[in-house]
Amino acid sequence: MGYIDYYGGPVDMEFNTYDVKSPDQIVDLKLNIPQDYKQKCIDEIYKITDGENQFVNLTALNSTNKVWNETKVFDILIDNILKAHSTVRPIQEIGTHYELTYAWSAIYKKGNYTKRHQHVPSFVSFVYYLKSSGETPLVFDDVDFQINPKDDTLVIFPS
């Protein structure tokens with residue numbers, strides 16, 4: 001399996017799947033995004049975040065839920081996420097497709113957290129970590145599972 005990376009060439013992709021008490025699996029993988037581009041994305045997040053929390057389930061600073069309307073810096077990243085997603089979760093039914101309906105950026109500082117929530121009516125959701133110490137878990141209460149993502153980790157999960 002592979003996808004097109006930041007530089008446009010094919011890349012072999014390794015990913016982990018976790019069977020949890022859910023109708024679907026949780027998947028994590030590294031996107032191998034170059035550090036200079038990740039830093040450019042981080043710098044852009046600070047520029048587009050106005051200091052106001054826009055979502056009631058986040059205590060972190062965040063962009064709007066259509067970040068691609070705020071800046072084009074994330075276009076390459078979003079494209080890589082969608083390609084990786086299609087590789088690890090291929091569409092089985094003819095005429096079905098995945099569509100990105102919401103995506104936002106967030107900056108978590110000490111003491112920030114996300115409240116328990118769902119992404120209904122979406123079928124699949126993801127989190128991509130540009131930068132992370134790996135010390136703060138992503139918790140899935142409904143299935144009694146958590147993962148500690150590090151830098152460059154994409155986590156795909158049921159909404």
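**Salt bridges, a helix and one threonine**

In this predicted model, the side chain of T49 comes within reach of the backbone oxygen of I45, at 2.7 Å.

Reader: So where is T49 found?
Author: We've just met T49 through its side chain, which reaches the backbone oxygen of I45 at 2.7 Å. As for its place in the chain, T49 is in the loop between α1 and β5 (61–62).

Reader: Is T49 buried or exposed, and why?
Author: Leaving out residues up to four places away in sequence, T49 touches L61, N62, S63 and I107. Its relative accessibility is 11%, and the cut-off for buried is under 20%, so T49 counts as buried.

Reader: How many salt bridges does the structure hold?
Author: One pairs the side chains of E44 and K47, and another pairs K83 with D79. D142 and R116 also meet this way. The count for the structure is three.

Reader: Take E44 and K47: which helix do both lie in?
Author: Their side chains meet at 3.9 Å, N to O, which makes the salt bridge because the cut-off is 4 Å. The two residues are three apart, about one turn of the helix, and that helix is α1 (residues 35–48).

Reader: And which residue of that pair counts as exposed?
Author: E44 has 13% relative accessibility, so E44 counts as buried. K47 has 66%, and exposed means over 50%, so the answer is K47.

Reader: How far apart in sequence are K83 and D79?
Author: The side chains of K83 and D79 meet in a salt bridge at 2.8 Å, N to O. K83, at 29% relative accessibility, counts as partly exposed, and D79 does too, at 34%. Both lie in helix α2, about one turn apart, which here is four residues.

Reader: What does helix α2 reach from its first C-alpha to its last?
Author: α2 covers residues 75–88, which makes 14 residues. At 1.5 Å a residue the expected span is 20 Å, and the helix comes close to that, reaching 20 Å.

Reader: Which residues of α2 are buried?
Author: K83 isn't on the list, because its 29% relative accessibility makes it partly exposed. D79, at 34%, is also partly exposed. The buried ones are L77, I78, N80, I81, A84, H85, T87 and V88.

Reader: What about D142 and R116: how many residues apart are they?
Author: Their side chains meet in a salt bridge at 2.1 Å, N to O. The pair links distant parts of the chain, with D142 in the loop between β8 (138–140) and β9 (145–147) and R116 in the loop between β6 (106–107) and β7 (124–129); the separation is 26 residues.

How values were computed: Residues numbered from 1 in each chain as written. Predicted model: local features only at pLDDT ≥ 70, side-chain atom pairs only at ≥ 80, totals over all residues. Heavy atoms only, no water. Expected span 1.5 Å × (residues − 1). Buried < 20%, exposed > 50% of the residue type's maximum accessible area, 1.4 Å probe, protein only. Polar contact = N/O pair within 3.5 Å; in protein donor to acceptor, adjacent residues only side chain to side chain. Contact = heavy atoms within 4.5 Å.
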